[in-house]
Amino acid sequence: MDVRVINEMVQQQSAFVDNLSAEVGKVIVGQKPMVDRILIGLLTGGHVLLEGVPGLAKTLTVKTLADALSMKFSRVQFTPDLLPADVTGTVIYNQSRSEFIAKKGPIFANLVLADEINRAPAKVQSALLEAMQERQVTIGDTTHMLPDPFLVMATQNPIEQEGTYALPEAQLDRFMLMVKVGYPSKEEERTIMDRMTTGLAVKASPVATPEQISHARSVINQIYIDEKIRDYIINLVQATRDPKAYGMADMADFIEYGASPRASIYLNMAARAHAFLRRRGYVTPEDIKAIGADVLRHRVILTYEAEAEEITSEQVVRKLFDHVEVP
């Protein structure tokens, strides 16, 4: 398809994004990168993990987005004593009908907020694996399909905090994006303080529908991505596995495992959604750079040497972007 035609389609289908951003902005002050990343997850069907210290409006942002989208929303507060059945549901005995019936858990919603996901032990976190990848849940001996769209938005506190468990690598890999949420600026914090101390509750109104999201997704799948940019994505992901081949011999001792093939799939999808949000029908290397760290930072597993030298996956990913040739 001609890029001009795709551009026109993008212009038409992305009009609702402005309304959505404006509506979310009525409640959330600043945090534009975080809102953008959540929208990218929503527009591609990729799950999003938000990491930041408590009090940075992570939960509020996801809740506000659900309000603005008129979608079914559910929130699961992860705690150390949570059980897998509390998330997925369980089988209960119906006495009047003398049969077992499935009682569906909070996972059966369009937007599921897994709040403080790393405060629950691994068996509960793994209960989400099937739901996130297969879009289905098995309760007893019956498999139930999850609604469409279905998206897990998880928040976690930094690992150094008290009472947290590191997420298993298999689960981390199922998150399309891992977004680091930072503190607001001085001006933003003043606005937050003034807004939150008036006693008036501000709530987002529905301005977009799941149908609009579905239409936008079909347009995003058609956004043009050049052969050279596809090669660039593959080179970036390959460089996490074989840094020596890309002139980064000093990094080889620090990377235990490189990114899986999911990284290249998600980087392609996220770059298209990023271009869509910028009203473009084609992907540029800038889109890859803008979204690359969020796709790769949780997929590069470091060695003990890296930890001893206090090298973070963030620094490794930044080095990749410096070394891999840009088309």
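Two strands count as paired when DSSP finds at least two bridges between them. Keep that in mind as we walk through this structure, which is a predicted model.

Let's start with a pair that is easy to spot. Strand β3 (residues 89-94) and strand β4 run antiparallel and are joined by 6 bridges. To find one of the contacts between them, look for Ile 92, which stands opposite Ile 101 in β4. The two strands make a hairpin, with 4 residues between them. In that turn sits Ser 98, which has a positive phi of about 50°.

While you're at the hairpin, have a look at Phe 100. This residue belongs to β4, which covers residues 99-104. Is Phe 100 buried or exposed? Its relative accessibility is 60%, so it counts as exposed. Phe 100 also joins Val 91 and Tyr 93 in a nonpolar surface patch of about 330 Å².

Now for strands that are covered. Strand β5 spans residues 111-115, and 5 of its 5 residues are buried, so the strand is largely enclosed by the rest of the structure. Both of its faces are covered. On one side you'll find Leu 111, Leu 113 and Asp 115, and on the other Val 112 and Ala 114, all of them buried.

Which strands pair with β5? One is β2 (residues 73-77), which pairs with β5 in the parallel sense over 5 bridges. Here Gln 77 stands opposite Asp 115 of β5. Another is β8 (residues 151-156), which runs parallel to β5 and is joined to it by 4 bridges. In this pairing, Ala 114 stands opposite Ala 154 in β8.

Moving on to β8 itself, this strand is mostly covered too, with 6 of its 6 residues buried. Leu 151, Met 153 and Thr 155 are buried on one side, while Val 152, Ala 154 and Gln 156 are buried on the other. Strand β8 also pairs with β1 (residues 47-51), in the parallel sense and over 4 bridges. If you want to trace that pairing, Val 48 has Met 153 in β8 as its bridge partner.

Just before β8, try a short detour to Gln 136 in strand β6 (residues 136-139). Gln 136 counts as partly exposed, at 22% relative accessibility. Gln 136 and Phe 150 are 14 residues apart along the chain, and their C-alpha atoms are separated by 10.0 Å.

Next come the charged side chains. How many salt bridges are there? The count comes to 11. One of the salt bridges links Arg 37 to Asp 294, with the closest N and O atoms 2.6 Å apart. Arg 37 lies in helix α3 and Asp 294 in helix α12 (residues 285-296), so this pair ties together parts that are 257 residues apart in sequence. Both Arg 37 and Asp 294 are buried.

A second salt bridge is between Asp 173 and Arg 299, at 2.7 Å from N to O. Asp 173 lies in the loop between α7 (169-172) and β9 (175-180), and Arg 299 in the loop between α12 and β11 (301-302), so the pair ties together parts 126 residues apart in sequence. Asp 173 is buried, and Arg 299 is buried as well. There's a network to look for too: Arg 37, Asp 294, Arg 297 and Glu 314 are joined by salt bridges that share partners.

Then there is a salt bridge within one helix. Asp 67 and Lys 63 form it, with their closest N and O atoms 3.0 Å apart. These residues are 4 apart in helix α4 (residues 58-69), so about one helical turn separates them. Asp 67 has a relative accessible area of 16%, which makes it buried, because buried means under 20%. Lys 63, at 32%, counts as partly exposed.

Finally, back to the surface. Asp 253, Glu 256, Glu 305 and Glu 309 form a negative patch there. Of these, Glu 305 is found in helix α13 (residues 304-308), and it is partly exposed, with a relative accessible area of 45%. Lys 32, found in helix α3 (residues 32-44), is exposed, with a relative accessible area of 52%. From C-alpha to C-alpha, Lys 32 and Gln 133 are 28 Å apart in space, and in sequence they are 101 residues apart.

Conventions. Residues are numbered from 1 along each chain as its sequence is written. This is a predicted model: local features need pLDDT of at least 70, side-chain atom pairs count only at pLDDT 80 or more; totals for chains, interfaces and linings use all residues. Side-chain values use heavy atoms; hydrogens and water are left out. Buried means under 20% relative accessible area, exposed over 50%, partly exposed in between (1.4 Å probe, protein chains only). Patches are made of residues with over 30% relative accessible area and no salt bridge: like charges are joined within 9 Å, nonpolar side chains (Val, Leu, Ile, Met, Phe, Trp, Tyr) within 5 Å. Accessible areas come from the Shrake-Rupley method with a 1.4 Å probe; for residues, only the protein chains shown count as cover. A salt bridge is a side-chain nitrogen of Lys or Arg within 4 Å of a carboxyl oxygen of Asp or Glu. Lys and Arg count as positive and Asp and Glu as negative; His and the chain ends are not counted. The place of a charge is taken as NZ of Lys, CZ of Arg, CG of Asp or CD of Glu.
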